[in-house]
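Open the model in your viewer and keep the selection panel at hand. The stops below go from one element outward to the whole chain.

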Amino acid sequence: MYIVMIASECAPAIKAGGLGDVVSGLSHELALRGNAIEVILPKYDNMRYDHVWDLHITYEDLWVPWYNHQIRCTVWFGFVHGRKCFFIEPHSHEGFFNRGTFYGCPDDTVRFSFFTKAALEFMLKTNKRPDIIHTHDWQTALTPVLLFELYKHYGMDKQRVVHTIHNFKHQGIATDQILWLTGLGRPEYYMHQDRLLDDFNSKVINFTKGGIVYANAITTVSPQHAWEVQNTDQGYGLGHALHVHNVKFQGVLNGLDYDMWNPSKDIYIPAQYDVDSLEDKYNNKKALRDRLLIEDNFRPIIAFIGRLDQQKGVHLIRHALFYALEHGAQFVLLGSGTEKAINDDFLGLKAQLNDNPNCHLEIGYNEELAHLIYAGADMMIVPSLFEPCGLVQLISLRYGTVPIVHTVGGLADTVFDYQHSDKPLNKRNGFIFNQPHYTNMEDAMYRAIHLWFDQASEFRKLIENGMRYDYSWNHSGQQYIDIYERIRHK
Ligand code: ADP
């Protein structure tokens with residue numbers, strides 16, 4: 001099959017979160033299975049150019065219709081760790097992708113609808129006619145709308161679209177201005193309950209709703225989350241649209257890129273190891289302590305890695321830190337947020353705990369350090385209030401770092417409690433708490449810390465069980481192929 005991904009991220013060149021990992025990991029898996037895969041991305045000024053090989057111009061003067069004029073783009077080609085990627089660089093005074101940031105600009109809906117339009121225009125002009133176009137999150141959710149309302153009539157009538165929703169909280173909300181800019185026009189047609197109209201605000205369009213209505217198949221990133229978004233408030237208002245279109249909706253658990261995340265080959269850690277050489281993991285613990293200037297003593301390290309965002313349970317993260325310190329553990333945090341208040345709070349905490357030899361807070365984004373923390377920590381806390389899939393717990397399991405998680409979304413699908421799971425003993429791989437409350441989390445942390453101190457051999461079994469799970473793309477890659485096959489001839 002010939003598959004084109006249109007996305008706003010592809011790790012590690014462009015990564016703000018799990019979406020980047022998924023685009024990159026799934027592309028790799030599909031290519032390994034003999035499919036032809038290409039990825040179309042924006043050419044951001046701040047992407048990691050050191051992860052793009054052989055970057056060169058492949059198409060000059062791509063004129064993209066935009067409102068009543070056209071914007072000229074240059075299209076670049078390069079390999080992101082073997083993935084074939086096209087990067088679209090618009091030349092307009094707005095500098096859509098020259099903002100020093102991937103997201104967070106007031107005109108994000110304009111920037112990404114331009115990108116979506118440009119990606120389709122590029123495919124049209126270069127005669128790319130894939131069997132499947134796979135799009136991701138609100139940034140590219142207008143793709144099936146543009147394809148089936150416009151580009152189909154220009155000759156792209158055989159393409160089928162899978163749209164994956166990684167995060168329901170961000171849906172892409174805009175006024176009808178977007179309709180005029182993209183050439184869709186006709187607000188009286190599109191701003192309708194059955195099409196792009198937001199279900200709760202009759203003055204705006206909702207990109208993700210458009211994706212749901214128009215795509216041939218819709219997925220989210222875990223089976224549990226697929227249930228949650230239809231039956232709880234986690235759908236952030238899209239539950240009804242999903243019910244209407246539920247025959248084409250399903251949850252597919254994200255895989256993890258086992259090449260990128262592999263403790264036996266990881267170049268960012270000083271001591272490579274696997275399940276049979278677990279002793280070497282402790283050299284990484286030592287290296288982590290050296291690097292972060294925390295004391296080398298007989299204590300477990302509990303870590304948190306992730307965006308500092310309400311979604312991730314910031315109050316619980318804060319609480320976990322103090323609970324860990326009070327109960328004889330060390331705590332390491334690597335995180336950054338887009339909300340200033342949250343960032344400031346953690347910066348304050350960092351200053352307050354600066355002299356504490358048992359903890360370190362690193363506020364910022366640091367891929368290399370993340371690898372060392374996964375390898376060096378003993379446990380990983382993931383107290384998310386909602387978590388569509390979550391990669392942090394999957395990476396932790398792969399690195400023998402025992403996850404302590406709130407059972408929600410993909411966390412519930414992948415982590416099974418040491419004591420309370422109905423799985424066989426050799427399939428239990430962590431600690432869970434069912435409610436995102438202090439006392440529930442404390443109970444799970446207490447059990448984890450005490451197992452580490454009092455029953456090292458049992459704790460080690462948990463580590464080994466976790467490392468033996470296969471959360472690679474192997475299984476999920478096949479599920480996506482099945483979806484592609486199902487829709488491609490429809
Ligand atoms: P989300 O997509 O909601 O951010 P996921 O758990 O799906 O959460 O994916 C997060 C990914 O981003 C993981 O690969 C994690 O290691 C990485 N990550 C998050 N924050 C940081 C950070 N501050 N520095 C380095 N890597 C980070």
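Select residues 379-382, strand E15, together with strand E16: the two run parallel and are joined by four bridges. This is a predicted model. To find the register, pick Ile381 in E15 and look across to Ile404 in E16, its bridge partner.

Now add residues 392-398, helix H13. With E15 and E16, helix H13 completes a β-α-β unit, and the unit is right-handed. From E16 the chain continues through helix H14, residues 409-414, to strand E17, again as a right-handed β-α-β crossover.

Next, display E17, residues 431-433, on its own beside E16. The pairing is parallel and consists of three bridges. Here His406 is the residue to click, and its bridge partner in E17 is Phe433.

Stay on E16, residues 402-406, and colour it by accessibility. How many of its five residues are buried? Five of the five are, and the strand is mostly covered. In a regular strand, side chains alternate between the two faces of the sheet. Show the side chains of Val402, Ile404 and His406, which lie on one side of E16, and then those of Pro403 and Val405, which lie on the other. Residues on both sides are buried, with a relative accessible area under 20%, so each face of the strand is covered.

Leave the strands and turn to internal space. Rolling a probe the size of a water molecule over the atoms shows where empty space is left. The structure has one cavity of 30 Å³ or more, and the largest cavity holds about 30 Å³. Which residues line the largest cavity? Select Asp21, Gly255, Leu256, Asp257, Met260, Trp261 and Leu391 to see the lining. Coloured by residue class, the lining shows four nonpolar residues, one polar and two charged.

Finally, zoom out to the whole chain. Its secondary structure amounts to 17 helices and 17 strands. Along the principal axes, the C-alpha trace spans about 70 × 45 × 45 Å. The radius of gyration is 23 Å, which agrees with the value near 23 Å for a compact globule of 490 residues. Colour the chain by burial as a last step: 62% of the 490 residues count as buried.

Terms used
Residues are numbered from 1 along each chain as its sequence is written. This is a predicted model: local features need pLDDT of at least 70, side-chain atom pairs count only at pLDDT 80 or more; totals for chains, interfaces and linings use all residues. Side-chain values use heavy atoms; hydrogens and water are left out. Buried means under 20% relative accessible area, exposed over 50%, partly exposed in between (1.4 Å probe, protein chains only). Two strands pair if DSSP finds at least two bridges between them. A crossover is right-handed if, with the strands pointing away from the viewer, the path from the first strand over the helix to the second runs clockwise. On a 1 Å grid over the protein atoms alone, a cavity is a set of points where a 1.4 Å probe fits but cannot get out, and a pocket is an open set with protein on both sides within 12 Å along at least five of seven lines; lining residues have an atom within 4 Å of a point. Grid points are joined across faces, edges and corners, and a volume is the space filled by probe spheres set on the points. Ala, Val, Leu, Ile, Met, Phe, Trp, Tyr, Cys and Pro count as nonpolar, Asp, Glu, Lys and Arg as charged, and the others, Gly among them, as polar. The radius of gyration is taken over C-alpha atoms; the globule rule is 2.2 Å times the number of residues to the power 0.38.
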